[in-house]
Amino acid sequence: MAGVTYKCDSCGAYLNFDPESQKWKCPFCGSIFAEGDVIPEQQEETVPEEEAAQESQQASSSQVVYRCQSCGSEIMTDETTVATHCYYCHSPVVLQGKMTDDLKPDKVLPFTVSKEKAVETFMNWAKGKKYVPENFFQETQVQQMTGVYYPHFVTECTVDGSFQGEGTRSDITTAGNYIITHTHHFRMRREGRLTFRNIMRPALQKANRKLSDGIHPFPLEKSKNFSDAYLTGFLAERRDIAKEDIRSDIEGEVSNYVQPMLIDGHGYQTCRGSTSTRLSSINSQYVLLPTWVLTYPNSKNPDDPYYFAMNGCTGEICGKLPVDKKKLLRNAALLALAVFAVVCLLSYFMF
């Protein structure tokens, strides 16, 4: 598996994308490069048949091997990972062999929150939790926070909707000892063409949906045409879900919105009926979205680790932290002892 590292023109070291300046920086000589200096005009690339066959064979495996261009080491990684670091020389590497035309993202939303800011936010957030284990705040643990580009589908679709039903209005009059209610029935029919934008779905099967949805929304209007240069210095995952697989889910979601929108402002006291919908067009873009992630192993349930996630653009956070049960029980016991002492004192003075 071929890898690529973006090199500094001044000293030859590797470049990292800097979220704060939105430019590429050399961590050694401090040189700074703008987008035009790093991302060339896109040109069509031809892949030799032998290389394409090798990539096809590797794609069938759950693990693949790439070679670091800086030190030559061979590293094994998950088949959906498209950007990582060399574990030996720590150079950022983008795995170009995985970016086939059908799996290449349409857009990428670059990080704007730096790792320093993400770590600071995490510490402030976690320290507000009283019963988190103290070793959770160890510097070596927190520094493992990783910037990851997760694959998502961002969908725009148009739905033709039709509502048929009945609306009623009632008025009440009195005649002598009688109260008379008049109810008027009206046939209702409404039709409309509705457009929904920025419907998001994870494009990775192993993605934690709660974690993903918990840090929305993303400023999608700031997305850029995809270039692997934005992945330098971060991890990135490749989608393993096809656009066709989310169509029914998208259609089901937007169908729930159609009736409330069609009958909005109907003016009747009651309204009931049925709605039919037809998805007339759908367009899903494959977008990589930035997330800062820190995971913490769960000894009791290894498949359900504790996690912290931050939106790499807005700073929105969500997470699940471990609870130090010994500290919780100790504080509960102290509180119970204090309450018992107060009750004893009150009983002594009152009786």
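Is N198 buried, partly exposed or exposed? With a relative accessibility of 49%, N198 counts as partly exposed, because the exposed class begins only over 50%. Keep this residue in mind; we will come back to it below.

## The chain at a glance

Before looking at details, note that this is a predicted model. The chain has 351 residues, and 39% of them are buried. Along the chain there are seven helices and 15 strands. The accessible surface amounts to about 20800 Å², and carbon and sulfur atoms hold 50% of that area.

How much of the contact pattern comes from residues 24 or more positions apart? Among the contacts with a separation of 6 or more, such pairs account for 70%.

## Two nonpolar cores

Let us go inside. The largest nonpolar core contains 56 residues, and W24, F122 and Y149 have the most contacts within it. Several elements supply at least two residues each to this core: the helices α3 (115–127) and α6 (243–262), and the strands β9 (146–175), β10 (178–202), β13 (270–296) and β14 (306–311). Helix α3 gives the most, with six residues.

There is also a second core, separate from the first, with 12 residues. Among its members are I215, V287, L289 and A309.

## Helix α6 and its buried residues

Helix α6 is a good place to practise reading a helix. It has 20 residues, and the distance from its first C-alpha to its last is 28 Å, close to the 28 Å expected at 1.5 Å a residue.

Which residues of α6 are buried? They are I246, I250, V254, V258 and L262. Look at the numbering of that list while you recall a general rule. An α-helix has 3.6 residues a turn, so residues three or four places apart point the same way. The cover over the buried residues of α6 includes strands β9, β10 and β13.

## Salt bridges

Now for the charged side chains. Side chains of opposite charge can pair when their charged atoms come close. In this structure there are nine salt bridges.

One of them joins E35 and K224, whose closest N and O atoms are 4.0 Å apart. This pair links distant parts of the chain: E35 belongs to helix α1 (residues 35–38) and K224 to strand β11 (residues 224–225), with their positions 189 residues apart. Both ends are partly exposed, since E35 has a relative accessibility of 36% and K224 has a relative accessible area of 31%.

Another salt bridge brings together the side chains of D160 and R193, at 2.7 Å from N to O. D160 sits in strand β9 and R193 in strand β10, 33 residues apart. The two differ in burial: D160 is buried at 17%, whereas R193 is exposed at 58%.

D160 has a further partner, R278, with their closest N and O atoms 2.7 Å apart. Here the link runs between strand β13, which holds R278, and strand β9, which holds D160; the two residues are 118 residues apart. R278 is partly exposed, with a relative accessible area of 47%. Through shared partners, D160, R193 and R278 become one network of salt bridges.

## A nonpolar patch on the surface

Where does the surface carry a nonpolar patch? L335, V339 and V343 form one, and together they have about 270 Å² of accessible area. V343 is part of helix α7 (residues 325–350). Its relative accessibility is 44%, so V343 counts as partly exposed.

## Backbone details

Finally, a few spots where the backbone deserves a closer look. The peptide bond that runs from H216 to P217 is cis, and its omega is near 5°. P217 lies in a loop, between α5 (209–213) and β11.

Two residues have a positive phi of about 60° although neither is a glycine: Q22 and N198. Q22 is in the loop between β1 (16–18) and β2 (23–25), and at 29% relative accessibility Q22 counts as partly exposed. N198, the residue from our opening question, lies in strand β10.

Key
Residues numbered from 1 in each chain as written. Predicted model: local features only at pLDDT ≥ 70, side-chain atom pairs only at ≥ 80, totals over all residues. Heavy atoms only, no water. Patch = residues over 30% accessible without salt bridge, like charges linked within 9 Å, V, L, I, M, F, W, Y side chains within 5 Å. Areas by Shrake-Rupley, 256 points an atom, 1.4 Å probe, with all protein chains shown as cover. Helix = DSSP H or I, 4+ residues; strand = E, 2+ residues; numbered from the N terminus. Buried < 20%, exposed > 50% of the residue type's maximum accessible area, 1.4 Å probe, protein only. Core = buried A, V, L, I, M, F, W, Y, C linked by side-chain atoms within 4.5 Å. Expected span 1.5 Å × (residues − 1). Contact = heavy atoms within 4.5 Å.
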